[in-house]
Amino acid sequence: MAATSADLSNAPRAMLVVDGSNSMWGQIDGTAKITIARDVIRDLLDDLPADIALGLTAYGHRNTGDCHDVEVMVDPGQGNRATIAEQIGSIKPTGKTPMAEAVRLAAQSLGNSRAPATVILVSDGVETCAPDVCAIAAELERSGVDFTAHVIGFDVHDGEAQNQFACMARATGGRYLSVDTAEELSSALIATTQFTTTETSLPLITQSGRLYFVASHKMRGKLQNLPAHWQVEDQTGNPVMTGFHNAGGHIDLKPGTYRLTATDTESGHTETRRIQVTNGGSMQITLMFP
């Protein structure tokens with residue numbers, strides 16, 4: 001049965017924005033990144049909750065050198081997964097990277113309602129059209145368009161691109177996730193289509209120079225390590241570390257204030273701690289998941 005307009009007005013809404021710029025022909029272990037992205041997104045569609053009104057936007061997929069090459073390929077809706085799966089296959093990496101304009105159009109296409117609105121951008125490179133991606137994202141947020149942008153950097157190791165992605169996400173209250181494989185991309189997409197987040201209100205003060213971190217949950221009454229995507233941001237919101245760790249990890253931090261975030265890639269649940277580092281030895285933080 002088709003969803004009514006009332007159903008859609010209360011449903012979570014999400015727009016996938018896929019990078020169709022020429023760099024997506026780059027390969028990971030012999031497979032083009034666009035091919036990996038297509039396959040991962042098709043697999044995601046099978047498991048995505050049916051109540052999410054999902055859409056698809058692409059950029060750089062039709063013309064070379066065109067900063068206006070942005071297209072909403074599938075409008076947000078329920079029951080359109082087969083159409084999205086078909087349309088994702090028609091994205092042929094061709095042109096430039098009008099990332100900010102794509103996010104703008106995607107956010108506007110989500111419309112206005114009381115339900116969560118999320119833009120999920122998958123990109124492998126730096127903006128090549130807008131002079132200031134962060135300013136555009138902040139302007140869009142101030143304009144009254146109620147949305148959150150999560151940015152997934154796919155095989156991105158350029159510092160400028162990482163800062164752009166983090167800034168765009170931060171300006172809209174979203175998150176930046178860095179991934180390098182098909183498995184990590186799948187986990188990041190699952191995490192960004194969930195809406196459960198927990199954050200402590202008080203900072204954890206530590207004399208730590210080296211911070212050890214691990215995620216855990218109880219299984220049959222015993223604590224077990226939990227594979228998670230981790231991110232550490234400095235006080236300006238720039239990522240200091242981002243990546244997946246099966247059994248936790250460690251990072252050396254300079255004195256300052258940081259935000260530590262872990263996401264359970266299976267459930268999408270997120271735990272966050274704020275940390276103030278002064279000087280000293282080391283400390284371990286265990287984030288407990290339901």
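These questions and answers go through a predicted model.

Me: How many helices and strands does the protein have?
Reply: The model is predicted, so the counts refer to the computed structure. Of the 290 residues, 49% count as buried. The secondary structure comprises seven helices and 18 strands.

Me: What share of the contacts with a separation of 6 or more comes from residues 24 or more positions apart?
Reply: The contacts considered here are those in the protein with a separation of 6 or more. Residues 24 or more positions apart account for 73%.

Me: What is the order of the strands in the open sheet of six strands?
Reply: The pairing in this sheet is mixed. Its edge strands, each paired on one side only, are S5 (70-77) and S8 (176-179). From one strand to the next, the twist averages 15 degrees. The order is S5-S4-S1-S6-S7-S8.

Me: Which residue is the bridge partner of Val 17 in S6?
Reply: Strand S1 covers residues 13-19 and strand S6 covers residues 117-123. The two run parallel and are joined by six bridges. In S6, Val 17 is partnered by Leu 121.

Me: What angle does the direction of helix H7 make with that of S7?
Reply: Helix H7 (residues 182-192) packs on the sheet. It touches S1, S6, S7 (148-154) and S8. The angle between the directions of H7 and S7 is about 175 degrees.

Me: Is Ser 187 buried or exposed?
Reply: Ser 187 is placed in helix H7. Leaving aside neighbours within four places in sequence, Ser 187 is in contact with Phe 244 and Thr 265. Its relative accessibility is 17%, and the cut-off for buried is under 20%. Ser 187 therefore counts as buried.

Me: Which residue in S14 stands opposite His 229?
Reply: Strands S13 (residues 228-233) and S14 (residues 239-245) run antiparallel, with six bridges between them. They form a hairpin with five residues between them, and Gly 237 in the turn has a positive phi of about 90 degrees. Opposite His 229 stands Phe 244.

Me: How many disulfides does a search of the whole structure find?
Reply: Cys 67 is joined to Cys 129, S to S 2.1 Å. Cys 134 and Cys 167 form a disulfide with sulfur atoms 1.7 Å apart. Numbered in sequence order, the bonded cysteines pair as 1-2, 3-4. The search finds two.

Me: How many residues apart in sequence are the parts tied together by Cys 67 and Cys 129?
Reply: The link of Cys 67 and Cys 129 is left-handed, with -85 degrees about the S-S bond. Cys 67 lies in the loop between S4 (53-59) and S5, and Cys 129 in the loop between S6 and helix H5 (133-142). The pair therefore ties together parts whose separation in sequence is 62 residues.

Me: Is Cys 67 buried, partly exposed or exposed?
Reply: Buried needs under 20% relative accessible area and exposed needs over 50%. Cys 129, at 26%, falls in between. Cys 67 has a relative accessible area of 28%, so Cys 67 is partly exposed.

Me: Which helices hold Cys 134 and Cys 167?
Reply: The link of Cys 134 and Cys 167 is left-handed, with -75 degrees about the S-S bond. The pair ties together parts that are 33 residues apart in sequence. Cys 134 is partly exposed at 24% relative accessible area, whereas Cys 167 is buried at 12%. Cys 134 lies in helix H5 and Cys 167 in helix H6 (residues 159-171).

Me: How far apart are the end C-alpha atoms of helix H2?
Reply: Helix H2 (residues 33-47) has 15 residues. Its buried residues include Ile 34, Ile 36, Val 40, Ile 41 and Leu 44, and also Lys 33 and Arg 38. At 1.5 Å a residue the helix should span 21 Å. The end C-alpha atoms agree with that, at 22 Å apart.

Me: With which side chain does that of Ser 21 make a polar contact of 3.5 Å?
Reply: Ser 21 is found in the loop between S1 and strand S2 (27-28). At 2% relative accessibility, Ser 21 counts as buried. Not counting residues up to four places away in sequence, the residues Ser 21 touches include Tyr 59, Pro 93, Lys 96 and Asp 124. The polar contact joins the side chain of Ser 21 to that of Thr 97.

How values were computed:
Residues are numbered from 1 along each chain as its sequence is written. This is a predicted model: local features need pLDDT of at least 70, side-chain atom pairs count only at pLDDT 80 or more; totals for chains, interfaces and linings use all residues. Side-chain values use heavy atoms; hydrogens and water are left out. Two strands pair if DSSP finds at least two bridges between them. Helices (H or I, at least four residues) and strands (E, at least two) are DSSP runs, numbered from the N terminus. Axes are lines fitted to C-alpha atoms, for helices over the stretch in contact, and angles run from 0 to 180 degrees between N-to-C directions. Contact means heavy atoms within 4.5 Å. A disulfide is a pair of cysteine sulfur atoms within 2.5 Å. Buried means under 20% relative accessible area, exposed over 50%, partly exposed in between (1.4 Å probe, protein chains only). The expected span of a helix is 1.5 Å times one less than its number of residues. A polar contact is a pair of N or O atoms within 3.5 Å; within protein, one must be able to donate a hydrogen and the other to accept it, and residues adjacent in sequence count only if both atoms are side-chain atoms.
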